[in-house]
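Dear colleague,

I am passing on the structure below, and my notes on its cavities and core follow directly after it. Please read them with the coordinates open.

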Amino acid sequence: MKSLGRLFSLLILGAMLYFAWPFFTSEKDINTEINKLRENPELSKALEDVNSGINQLIWQLNEKKEELTNDEQNLLPEVDKPELETPAEKTFTLHNIAIGDQKGEVEKQLGAAKRVSVNEYGTEWHAYHENFQNFIMISYGNDGAVNAMYSNQDLIAAKNGIKYGVPKETVRQNLGEPLGEIRKGLVYYQFQKDQDYDVYNLDESYVTVFYDKHRNNIVTAIQIVSEKLEQSKAGFYTEASEALKEGFEYQLFDLTNASRVVHGLGILTWDDQVRGTARKHSADMAENSYFSHTNPEGQSPFDRMAEDDIAFSVAGENLAYGQFSSIFAHEGLMNSLGHRENILKADFKLLGVGVAFGPKHEPYFTENFYSKRKF
């Protein structure tokens, strides 16, 4: 405080001399004194320090303004959860919606979808939510009936009491041993024994129950797909297309935000520029048959972002490979500690997702998270 007072005293003295001098000296003397002031090292240093202090203060004010703006945009008011009803016919409902319900009735309850994007079944996921709260994705058949749905929030209701947050043991006690394989025509698709999900055949649908191994294997998501829709998907991977690539990208973005709000975090903003960086890395991995955060040229995710003129204060990257859908990719990332930490990192504000497909249509997923550098 003493040094700051001295700085202001010097500045005031300099200003007084500058403005008062014409009243009692000649023009030649004025120039001489001004030059002396300019050459005074102490005053020059004082001016430099004050200028630096002002710039620092402006930066701090801008930073605080941006933080407040981000808080207003990202930490949104809590939305009431719907009152969940025990299903009358089906084993499970999500958001009180069951397989077979009509789109018109669904949208009377939920309103219009926030996003519609192509999925691996050749249909479209309609994403319904309020600021990513009460999040659910629903697919419809040509007849307008629900033929698939998914949620990773507390919207699960069941006849047998299974709900969000119950342990895996409760699920298996109620539903029995899960399927080890699914048959499609003459082909059997086997499930890994150590996976973080169980699949059941119930009510002419395939029900996948996802567990969070970092929360003692509790139920945190469910996907329900009608048998007819599942059987219509011929191969393990869906044929690559631009529409599917973009669908996977936006679905992963939505799923990430839906997980963040469950954990009390602000939502991320989509960033097209870093999506370009992510797409290039996914394409590079697909074309050159590798899977790594470091590319063959030795570049890290941070090098690639800097090369694309992305100025970041903090950044991170998630990679996934081989999962046949955005949902399975996201659930796998949430059960991998380092990737989970990126998804749930409070410091991140922006996200771009890039997808590319390998020679067998296998997807490569890249998520680039960051916050902009402020100076």
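Strand E10 (205-212), helix H7 (residues 242-262) and helix H10 (326-334) each supply at least two residues of the lining of the largest cavity, with helices and strands being DSSP runs (H or I, at least four residues; E, at least two) numbered from the N terminus. H10 gives the most to that lining, with 3 residues. A cavity here is a set of points on a 1 Å grid, over the protein atoms alone, where a 1.4 Å probe fits but cannot get out, and lining residues have an atom within 4 Å of a point. The space in the largest cavity is about 120 Å³, where a volume is that filled by probe spheres set on the points, which are joined across faces, edges and corners. Its lining comprises 13 residues, of which Asn-152, Asp-212, Thr-220, Ser-259 and Met-334 lie nearest the centre.

The model is predicted, so local features need pLDDT of at least 70 and side-chain atom pairs count only at pLDDT 80 or more, while totals for chains, interfaces and linings use all residues. Residues are numbered from 1 along each chain as its sequence is written, and side-chain values use heavy atoms, with hydrogens and water left out.

The search of the whole structure finds 2 cavities of 30 Å³ or more. The second largest has a volume of about 60 Å³, and its lining residues include Lys-90, Phe-92, Asp-203 and Val-207.

Phe-365, leaving aside neighbours within four places in sequence, is in contact (heavy atoms within 4.5 Å) with residues including Phe-248, Leu-252 and Ala-329.

Best regards

Note on methods:
On a 1 Å grid over the protein atoms alone, a cavity is a set of points where a 1.4 Å probe fits but cannot get out, and a pocket is an open set with protein on both sides within 12 Å along at least five of seven lines; lining residues have an atom within 4 Å of a point.
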